[in-house]
Amino acid sequence: MIKANDMFYAKSSDAEIAEAGEYGGAVTTLLKFLLSEGIVDAVLAVEEGSDLYDAVPILIEDPEKVVGAAGSLHFGTLNLAKVVTRYLNGAQDMKIAVTVKPCDAMTMVELMKREKVNADNVIMVGLNCGGTMPPVKGRQMMEKFYEVDPDSVVKEEIAKGKLIVETEDGTEKEIPIDVLEDEGFGRRTNCRRCEVNIPRMADLACGNWGVIGPLAGKATFIEVCSPKGAEVLEKAKEAGVLDLEAPIPKGIEIREKIDGAMVKLADKWQNKDWEDVAGREILSVLTGYKDDFSRCLKCYGCREACPICYCEDCCLEANNGPDWLTKGELPPSPMFHMERMLHMVESCTNCGQCEEVCPAEIPLAKIWHEVNTKIKNTFGYTKGVGEGKPPIAYFSSEK
Ligand code: FAD
């Protein structure tokens, strides 16, 4: 019997899915299986939008359509947890399987703790993630560094510290990620600081790291992270839809090493991004960004994009909230940002959505990630893991 902590190399037994999938199609196969067996009502995944640089969420109810969403999109600006709360009523009345990068998975866990997502109705199929890239800069990077037409790119992946790009004529070019990032390209700034590459808070964690030998590039390494994940994989194995085999021990070692190297790289970026504020306590962090906050247009973009924000009646709106939160001013009083911070920061998973949409280019993800890290160090609360225990500033909402 498969159990939590087991590890496998996995690929689809279906040749079409194996070909369409990023690394052997195990994830697509699992999703299709869950849907065709009626174990879930729908699958929430991601498909290509207008081009490779555009990723859009897709809710799939027909098992035959799952394969259309196969493949990994590295430029998407998604956080699927927001889709689950805003459009799927937190999976309160439907069972779903959802593909989650670590920041998606951590956010889902935080929303489960806040009773905004029904954990019993969700199967989280985790995808390892070494980082995503912003679409506009991504296109510029293809022209400037790879000297290719951005529309001719068919595949990109980060491996061995390099961003490897393949164009439609089969040509591959690789550039060290460090080189790109030192020039202000490469991964999103929030991703650079992220220390969670393997989403062990999901039910399964799937990725290409550690697949060596004859299956290299053709299979996915699956780590079983929960009894629910074990049950799902066992059923798929019994049904014969997945080919599973034990990973090569050296592969397990390599996967751990790569993860360790990525965590070190994230620490480097944290030290770099936060070097001038090291040692400051939480409120001083905000003071340090006074000039940035003074550009705030109060467009509410950050609140709208934040997957942790869910109140129906927001206290930051004109007719709501406490008297000390002065209304009608631009830039808004610092209390505006303090209030937002109070609602979400201990659960902030550094998904970067707030910064991504901010028209005033306030480095919001950088700010909240730093505050969240200080909360972790001060109060011992780690976002995105554990069960049941509500965050420090848990706001119970009947709405
Ligand atoms: P497939 O059968 O191709 O299925 C992939 C599923 O993921 C599809 O359902 C698709 O809709 C969904 N998906 C695609 N893009 C996204 C997205 N942006 N967010 C959420 N869901 C998405 N593995 C590593 O070991 N190391 C890495 O550094 C690494 N980085 C990754 C970065 C990103 C942004 C993504 C999406 C994946 C990354 N992976 C990484 C995982 C790897 O690329 C494969 O997804 C995994 O091995 C599963 O392969 P598969 O053939 O079984 O998946």
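Helices, here runs of at least four residues in DSSP state H or I, and strands, runs of at least two residues in state E, are numbered from the N terminus, and the views below use these names for a predicted model.

**View 1. Division of the protein chain into domains.** The chain of this predicted model is divided into domain 1, which is made of residues 7-130 together with 192-269, domain 2, which covers residues 135-182, and domain 3, which covers residues 276-379. Between the C-alpha centres of domain 2 and domain 3 there is a distance of 33 Å.

**View 2. Residues around the ligand.** The surroundings of the ligand comprise 34 residues, of which Gly-21, Thr-28, Ala-45, Gly-130 and Gly-207 come nearest. Two or more residues of this shell are given by each of the elements α2 (26-36), β2 (42-48) and β9 (204-207), and the most is given by α2, with four residues. Sorted by character, the shell around the ligand holds 16 nonpolar residues, 15 polar residues and three charged residues.

**View 3. The open sheet of β6, β7 and β8.** Three strands, in the order β6-β7-β8, make up an open sheet in which the pairing is antiparallel. Because β6 (153-159) and β8 (172-176) stand at the edges and have a single partner strand each, one side of each is left without a neighbour in the sheet. On average, and with direction ignored, neighbouring strands of this sheet are turned by 20° against each other.

**View 4. Pairing and hairpin of β6 and β7.** Strand β7, residues 162-167, pairs with β6 in the antiparallel sense, and the pairing runs over six bridges. Two of the partners can be followed residue by residue: Glu-157 has Ile-164 of β7 as its bridge partner, while the bridge partner of Val-153 in β7 is Thr-167. The hairpin that β6 and β7 form has two residues between the strands, and in this hairpin Lys-160 takes a positive phi near 50°.

**View 5. Helix α3 and the elements it packs against.** Helix α3 spans residues 80-87, and its buried residues are Leu-80, Ala-81, Lys-82, Val-84 and Thr-85, so that a lysine appears in this buried set. The packing partners of the buried residues of α3 are the strands β2, β3 (55-60) and β4 (96-100), together with the helix α4 (102-113); among these partners, β2 also gives two or more residues to the shell around the ligand. After α3 comes Asn-89, a residue whose phi is positive, near 50°.

Technical notes
Residues numbered from 1 in each chain as written. Predicted model: local features only at pLDDT ≥ 70, side-chain atom pairs only at ≥ 80, totals over all residues. Domains from an automatic or database assignment. Near = placed C-beta within 6 Å. Nonpolar A, V, L, I, M, F, W, Y, C, P; charged D, E, K, R; others polar. Pairing = 2+ DSSP bridges. Axes fitted to C-alpha atoms, helices over the stretch in contact; angles between N-to-C directions. Buried ≥ 20, exposed ≤ 12 C-beta atoms within 10 Å, placed from the backbone. Contact = placed C-beta atoms within 7 Å.
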